[in-house]
Each structure stands twice: as structure tokens, then as C-alpha cells.
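Colleague: I would like a close look at a single part of this model, namely its salt bridges and the surroundings in which they sit. Please take me through them in one connected account.

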Amino acid sequence: MAQFYFLSILMNILAGLILMFRKNEQSETPEFSLDSGADDFSDFESDFSDFSENPPAQEEQKLESTNFGIFNNAVFRLVVGVLSIFVGIMKLLSVFRNDVPVVGDLIPSLAGVCGGIALLLDYFISNASETLSFPPIIEKVFVDSKKYIGIICIVAGILHFIFPQVLFL
């Protein structure tokens, strides 16, 4: 079905972006930051703070908008995680344009399921009142390596969009 094809691409890219650019609860910084050396010039910036064109309130709003604030919303992550798993499972079961069943969309559906599991575990870990412990393999794959799962989800979504009838994509 064309709807699940579109949802598979959308959920893979969205889950991948969330997994890559979401803030850490412990450090309050994004896990993947595009400006890693920004603190090196903090003294230099303070010397020229009087010449700033933007008032401080506008600068804070600009910084919040570049931190992808919606990716840190717990309900949004929960919904995207559940939808990614659902669409990934449905993509395994549904066939698009006489494609090969199950293996025709294997990589995007597995990427969606893995991305959804990583998002759900991230949601439950961040909202748990007690410390949650998972088996070491699950913790290593879905919690510690969620940035890499995000990259795989984005690549799978883009390749699935560009090459719609390639086997496994």
C-alpha cells in the first residue's frame, strides 16, 4: 500500500532525526552537536557582547529553535516510537506494487522497528521514577548506540525513497 510506503519513509527519517539530535537529560546538551567547538571562544564573545544586534531574549529564542525543541517532547517521542514500530511491522506484512513479500522492504521495516524500540526505551528511561535496568545486549544496542540507529534509520528512509522497487529496500 502506498500509505505504508510513505509512512515508512516518514517514520524512519523522523525517528532517525530524533535519535540523533535529542538532548541528553544528564548533560542538557544535544547528543549530536554541529558546533562542538563553540565554547572555545566564550571569552572572545564576552568582550563583544555590548555590540550584539539581538537583545538577550531574542538570542535565547533563536538558540531554543536551533536545538530542535520538539525532539525533546516526551509525548512526541512516544508517539513516533509507537508509530515507527507499527509501520515497520505493517511494512513487513504489506506488499507494494507486486514487490517480493517480507524481503522486499526488509531494511526499512527493520530500521523502523529498531528506531521505534530505541525511542520507546529512551522514553521509558527518561520518565522512570526508578533506575531501569535492561539486559546488557539491549542496553548496548538500543540505549548506548541510539545515535547509530538514528543514522541507519535516516539512510534507510532516504534510500527507500530514492529506490522504491529495489530488493531489501
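Modeller: A search of the whole structure, which is a predicted model, finds three salt bridges. One of them joins Arg-77 to Asp-122, with the closest N and O atoms 3.2 Å apart; this pair links distant parts of the chain, since Arg-77 belongs to helix H4 and Asp-122 to helix H5, 45 residues apart. Arg-77 counts as buried because its relative accessible area is 2%, under the 20% cut-off, and Asp-122, at 6% relative accessibility, is buried by that criterion too.

Asp-122 also forms a salt bridge with Lys-146, where the closest N and O atoms are 3.0 Å apart. This pair again links distant parts of the chain, with Asp-122 in helix H5 and Lys-146 in helix H7, 24 residues apart, and Lys-146 counts as buried because its relative accessibility is 9%. Arg-77, Asp-122 and Lys-146 are thus linked in a network of salt bridges. If neighbours within four places in sequence are left aside, Asp-122 is in contact with Arg-22 as well as with Arg-77 and Lys-146.

The remaining pair is Asp-105 with Lys-91, whose side chains meet in a salt bridge at 3.1 Å, N to O. Here Asp-105 lies in the loop between H4 and H5 while Lys-91 lies in helix H4, 14 residues apart, and both Asp-105 and Lys-91 are buried.

Helix H4, which supplies Arg-77 and Lys-91, deserves a description of its own. H4 has 20 residues and reaches 29 Å from its first C-alpha to its last, close to the 28 Å expected at 1.5 Å a residue. The buried residues of H4 are Arg-77, Val-80, Gly-81, Ser-84, Ile-85, Val-87, Gly-88 and Lys-91, and what covers them includes H1, H5 and H7.

From Arg-77 one can pass to the nonpolar interior by way of Ile-18, which touches Arg-77 along with Phe-71, Phe-76, Val-80 and Leu-119, residues up to four places away in sequence not being counted. In the largest nonpolar core, which has 20 residues, Ile-18 is among those that touch the most other members, together with Leu-14, Val-80, Leu-119 and Ile-149. The elements that give two or more residues to this core are helix H1 (2–21), helix H4 (74–93), helix H5 (106–127), helix H6 (136–144) and helix H7 (146–162), and its largest share, seven residues, comes from H1.

Helix H7, which holds Lys-146, also holds Ile-162, and Ile-162 is partly exposed because its relative accessible area is 49%, a value that falls between the 20% and 50% cut-offs. Ile-162 is one of the residues of a nonpolar surface patch that also includes Tyr-148, Ile-151, Val-155 and Val-166, and the patch as a whole has about 820 Å² of accessible area.

As for the wider setting, the protein has seven helices and zero strands, and 31% of its 169 residues count as buried. Of the contacts with a separation of 6 or more, 79% are accounted for by residues 24 or more positions apart. The protein exposes about 10,700 Å², of which carbon and sulfur atoms supply 66%.

Definitions and conventions:
Residues numbered from 1 in each chain as written. Predicted model: local features only at pLDDT ≥ 70, side-chain atom pairs only at ≥ 80, totals over all residues. Heavy atoms only, no water. Core = buried A, V, L, I, M, F, W, Y, C linked by side-chain atoms within 4.5 Å. Buried < 20%, exposed > 50% of the residue type's maximum accessible area, 1.4 Å probe, protein only. Helix = DSSP H or I, 4+ residues; strand = E, 2+ residues; numbered from the N terminus. Contact = heavy atoms within 4.5 Å. Patch = residues over 30% accessible without salt bridge, like charges linked within 9 Å, V, L, I, M, F, W, Y side chains within 5 Å. Areas by Shrake-Rupley, 256 points an atom, 1.4 Å probe, with all protein chains shown as cover. Salt bridge = Lys/Arg side-chain N within 4 Å of Asp/Glu carboxyl O. Expected span 1.5 Å × (residues − 1).
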